[in-house]
Amino acid sequence: MKYVVASSAAGEGLPSSFGYARRRARSQWRSVLVGLCAIVMALVGFGAAFAGESGEDPGLTNVTVRESYPGPDNTGVPAGTTLRRSGSITVEKDGQVIDGLDIQGCVLVTADNVVIRRSRIRCADKYSIRTLNATNLLVEDVEIDGRGMNEAAVCCANYTLRRLDISNVIDGPRLADNTVIEDSWIHHLHRRAGSHNDTLQTTGATNVTIRRNALEAFHPDNDDPMNACLMIGSTTGPVVANLIFEGNYCNGGNYSIGIRRDLNASNVQIRNNTFGRDHRYGVVAEPHPGVIWDTASNIYLDDLRPVTG
């Protein structure tokens, strides 16, 4: 059992939802496979370096491969945490800390410097967490279950997410100005009729950092690649500027990195990422002005070969 939910009776606790527990258990094999892949890749990298010294295919010697990725064991609510039941919350006090809640509803943040940590949010509305005229929101060690209804798990600006477990959403977090997503696991997106599901999406933003995440657009239960791990466009904003996408594992999508033709990009850097092959067409369609694709450090998980951008 990862954590318990406290009832209204003092000292009494109930297990977290059995469906959730089963889903987490089924996900363990994915972490095991990633670990095995890391061992194999380390051996391959050693062999490649040896081959390079003998004049054979030195191309792999400078590739750094991530050994592990975020998953069920290191994201979401930490093991042993006791959660207190709550309904929807509006946070209006600057500096308020929300800790250890089982929120059966959604969270609206209208204050500055708010912290949400060690909590589960099950929201059947447009956004599990929404910022409205708020700055510097920090969310860490939180599980979000979008109930198949979230149009975006988190929306839209001035937040940092760390070690989140996000699933059962149409789209993961929406990236607007001043957003950071680190060490999080976004997976098992929910397909609805006509939806174009992305683990991450921006339609206009400045100052975005996305690092060390596992972005699994591909749905393993039905082999649906969904739309993209990261979708970038200028649909609602004039520019996407100063976006860093680095150190992530990304698998799935029509194209894993979706770049709309309307994108007006400035200093969009995509580097040091590892990609799976469960996409429909490819990792990225074609170069785009303002997007800096580092071919040498963006590699495939299975053979460590560079991904051409």
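Hi all, here is a quick walk through one protein chain and a few of its aromatic side chains.

Before we start, this is a predicted model, where local features need pLDDT of at least 70, side-chain atom pairs count only at pLDDT 80 or more, and totals for chains, interfaces and linings use all residues. Residues are numbered from 1 along each chain as its sequence is written, and side-chain values use heavy atoms, with hydrogens and water left out.

So, the overall picture. We have one helix and 27 strands; those are DSSP runs numbered from the N terminus, H or I of at least four residues for helices and E of at least two for strands. The chain has 309 residues, and 54% of them count as buried, meaning under 20% relative accessible area with a 1.4 Å probe, protein chains only.

Now for the rings. How many aromatic pairs does a search of the whole structure find? Three. Rings of Phe, Tyr and Trp (its six-membered ring) pair if their centres lie within 6.5 Å, and planes under 30 degrees apart count as stacked. One to look at is Phe-275 with Trp-293: the ring centres are 5.9 Å apart and the planes sit at 25 degrees, so this pair is stacked. Phe-275 is in strand 24 (residues 274–275) and Trp-293 in strand 26 (residues 291–293), so the pair ties together parts 18 residues apart in sequence.

Buried or exposed, then, for Phe-275? Buried, at 1% relative accessibility. Trp-293 counts as buried too, at 16%.

Last stop: the charged end of Arg-277 sits over the ring of Tyr-300, 3.6 Å from its centre. For Arg, that label needs CZ within 6 Å of the ring centre and within 35 degrees of the ring normal.

Note on methods. Buried means under 20% relative accessible area, exposed over 50%, partly exposed in between (1.4 Å probe, protein chains only). Rings of Phe, Tyr and Trp (its six-membered ring) pair if their centres lie within 6.5 Å; planes under 30 degrees apart count as stacked, over 60 as edge-to-face and the rest as tilted.
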